[in-house]
Amino acid sequence: MTHSSAPRLSIYSLLVGAIAAILIGLFLWAIDKGFDLTDEGFYLLGYTYPEEYSSGFTSFNLLVSKVLSPAYTSIIGYRAASLFTTITSALLLAAGIWKWIQEKYQAVSLPYWLIAGLFIIGNFLQYSIFPRTIFYNNINSFCIAIFASSILLYSAYPSADKLKWRHAYLYIGALFVGLDLFVKGSSSVVALGTGLLVLSLYSGLANVKEWYKPVALVVLGFLSGLLLFFVSIQSFGVWSANFVHETRLLLQTSYNGGLLVRYLKDAYPIIRTLIYPFSPFILMSFLLTRACLRGKLRLTPLVQIGIGLAIIAFLIYQALRTDLYKNTHLNYNRSAVWFLAILLIVTAMFCAAYLEEPYKKLKWRKLIIAGWLFMLPFVGAIGTYNNLFMNFMLDINYWFALMLIMFVSMPVVAKAAAARVLVFLVPALVIAEQCAYGMLLAPYVQAANMLEQTVPVTFGKTHAPAVLNLDPKTAQFMGDVSQSMSKAGFQPGMPIVAMYDLPGLVYVLNGISPGNPWIFGQLDVRNCDALAKTKMDLTTAFLLINEKPGDELLACMNNHGMHFPQDYVEIKRLLSPYNPNQYNWRNYQDTLTVYAPRKVQAAQ
């Protein structure tokens with residue numbers, strides 16, 4: 001039976017496409033502006049010196065450096081790679097859900113470019129949270145999106161014997177999840193397990209004899225991904241030894257508090273904000289939908305406009321009151337509540353529509369896909385030590401896909417302008433605001449907003465040079481540090497131990513952080529391990545100190561011939577512009593002191 005569950009949506013395609021284009025344009029405008037001295041520098045060091053950092057818990061830097069040679073890729077190239085994965089994964093996932101809806105609902109299909117535009121916008125949410133350089137969460141989302149798209153396409157035709165390309169795509173999707181094991185292992189394993197379960201149930205409900213075919217394809221693809229890594233990136237023996245070592249180290253330093261307890265604590269402010277101010281909207285959407293379907297509510301256009309404006313005014317007031325308009329790092333991790341609330345409002349509308357049409361039966365196979373889509377943002381986030389509800393926003397497109405399924409499942413409600421605005425425009429506008437705030441006004445841990453990044457500075461002089469525009473204070477700070485170290489005998493490629501949390505400064509100075517790109521504050525167990533792993537001559541290492549080194553790290557340095565302070569000369573002391581950032585992180589690291597080893601100065 002054919003029904004038109006997606007009435008004329010061309011205007012929404014244009015509006016959503018315009019918002020997506022604006023966000024892409026904003027990214028391209030800012031691609032050569034700003035630099036984060038923490039996370040972004042950490043990623044870039046990992047890509048530039050893969051041999052030095054080949055023993056980490058995650059091997060995403062080895063994969064990226066294999067595809068994007070550090071000899072030819074500048075910082076702008078790595079940012080462009082992030083944009084590529086962002087757009088490509090959105091297009092592939094959109095193709096999967098578009099074809100699945102088209103086949104399962106026999107409907108006048110939702111326009112592909114409407115779905116694709118919405119998903120591109122959804123992927124841009126990451127740039128309100130993290131730096132723009134390609135990084136492990138970005139790659140993890142890319143791999144899972146390809147896998148999810150392949151399962152959606154396959155499940156549109158569960159008995160797809162004559163459709164060989166769908167079998168091939170399912171194999172490729174699983175191959176990427178296999179590679180993802182070396183990017184974010186926890187997400188890869190859970191994605192694989194849940195994907196196999198979905199395929200088994202979905203295909204088995206169609207034909208119990210067919211379930212093993214997709215399962216075999218996925219297992220074969222996953223194993224192929226592992227084999228590809230071990231053949232072209234790192235041998236199994238080296239990887240397994242590193243994995244055991246890094247797991248023990250991780251358990252010592254990061255997970256002592258228990259992730260489950262941490263996740264439950266993260267949920268509290270989200271639940272509290274859902275209860276107020278959003279729960280009245282969720283209840284109201286159910287009651288109004290039911291009343292409209294029963295014909296008991298007929299409002300004039302003027303009254304509808306008045307109600308709409310009142311709702312918008314109330315939400316603006318609450319956003320200002322709770323700082324919801326700010327990006328998630330600055331609103332106490334409440335940003336996720338926007339998307340939870342939208343999903344719950346659409347779900348309430350769907351429930352009301354279903355109750356008014358009881359002759360409709362819920363199809364188990366559709367419920368299996370819907371349940372999996374609901375879980376996937378958490379699958380992508382699981383294992384993180386960050387706020388779980390912050391990381392799941394990286395994969396918010398699966399919730400948008402779930403809303404699209406509910407949208408086409410209630411054709412009468414879908415004809416209402418309010419439903420279309422809620423499903424297509426509201427998420428797009430919320431993300432556009434969050435992304436613009438995060439990229440423009442509060443760029444990730446920087447001393448100034450993007451509009452103030454005007455001073456050209458050359459990065460990567462010894463490998464792939466690129467000119468970035470920085471704010472005047474940061475540019476002056478970097479120049480002063482570089483000049484003082486050069487006068488003291490520093491040469492590109494020499495070791496720099498930055499204590500603490502300044503991998504980006506090491507990258508700017510063309511140095512190498514020994515053993516690990518990031519010397520972490522208050523994690524000297526890991527820092528000592530980094531000094532023990534490196535093959536560099538640590539007696540020639542320059543020191544950047546913005547916080548008193550811990551006793552444990554000082555002992556490790558002494559064991560490796562770095563006798564501090566007696567073997568070092570202070571050559572510069574200056575205020576760091578990094579610390580008075582909007583995020584107010586590590587604001588106690590306000591002064592940087594630069595030390596040169598006496599043996600290097602004496603050799604000049």
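Is Tyr47 counted as buried or exposed? In this predicted model, Tyr47 has 0% relative accessibility, so it counts as buried, the cut-off being under 20%. Its ring partner Phe60 comes out at 4% relative accessibility and therefore lands in the buried class as well.

The aromatic side chains make a good place to start. The structure holds 48 aromatic pairs. In the pair made by Tyr47 and Phe60, the ring centres are 6.0 Å apart and the planes stand at 90°, so this one is edge-to-face. Tyr47 belongs to helix H2 (residues 39–48) and Phe60 to helix H3 (residues 60–67), so the contact ties together parts that are 13 residues apart in sequence. Another edge-to-face pair is formed by Phe124 and Tyr127, with 5.3 Å from centre to centre and 70° between the planes. Both Phe124 and Tyr127 are buried. Tyr47 and Phe60 also turn up in a cluster linked by ring pairs, along with Phe42, Tyr43, Tyr78, Phe130, Phe135, Tyr136, Trp518 and Phe520.

Rings also meet charges here. The charged end of Lys366 sits over the ring of Tyr105, 3.9 Å from the ring centre. For Arg365, the charged end sits over the ring of Tyr202, and the distance to that centre is 4.6 Å.

On to the empty space. The second largest pocket holds about 1700 Å³. It is lined by 41 residues, and those closest to its centre are Gly308, Ile311, Ala418, Val421 and Leu422. Two or more lining residues come from each of helices H11 (259–293), H12 (301–322), H13 (336–356), H17 (411–414) and H18 (417–441). H12 gives the largest share, with 11 residues. Sorted by class, this pocket's lining has 34 nonpolar residues, 4 polar and 3 charged.

Closed-off space was searched for too, and the whole structure yields 3 cavities of 30 Å³ or more. The largest cavity contains about 130 Å³. Sixteen residues line this cavity, with Ser89, Asn123, Ser141, Leu394 and Asp395 closest to the centre. Helices H4 (75–105), H6 (136–156) and H16 (397–409) each put at least two residues into that lining. The split by class is 6 nonpolar, 9 polar and 1 charged.

The second largest cavity comes to about 90 Å³. Its lining also counts 16 residues, and Phe130, Pro131, Arg132, Pro443 and Tyr444 are the closest to its centre. Here the classes divide into 10 nonpolar, 3 polar and 3 charged. Phe130 is a familiar name by now, being one of the members of the aromatic cluster.

That leaves the cysteines. The count comes to 1 disulfide, formed by Cys528 and Cys556 with their sulfur atoms 2.0 Å apart. The torsion about the S-S bond is about 100°, so the disulfide is right-handed. The bond links distant parts of the chain, since Cys528 lies in helix H21 (residues 524–533) and Cys556 in helix H22 (residues 551–559), 28 residues apart. With a relative accessible area of 10%, Cys528 is buried, and Cys556, at 14%, counts as buried too. Elsewhere, Cys143 is buried at 4% relative accessible area, while Cys435 is buried at 0%.

Key
Residues numbered from 1 in each chain as written. Predicted model: local features only at pLDDT ≥ 70, side-chain atom pairs only at ≥ 80, totals over all residues. Heavy atoms only, no water. 1 Å grid on protein atoms, 1.4 Å probe; cavity = no way out; pocket = protein on both sides within 12 Å on 5 of 7 lines; lining within 4 Å. Points joined across faces, edges and corners; volume = space filled by probe spheres on them. Helix = DSSP H or I, 4+ residues; strand = E, 2+ residues; numbered from the N terminus. Nonpolar A, V, L, I, M, F, W, Y, C, P; charged D, E, K, R; others polar. Phe/Tyr/Trp six-rings, centres within 6.5 Å; stacked < 30°, edge-to-face > 60°. Buried < 20%, exposed > 50% of the residue type's maximum accessible area, 1.4 Å probe, protein only. Lys NZ or Arg CZ within 6 Å of the ring centre and 35° of its normal. Disulfide = S-S within 2.5 Å.
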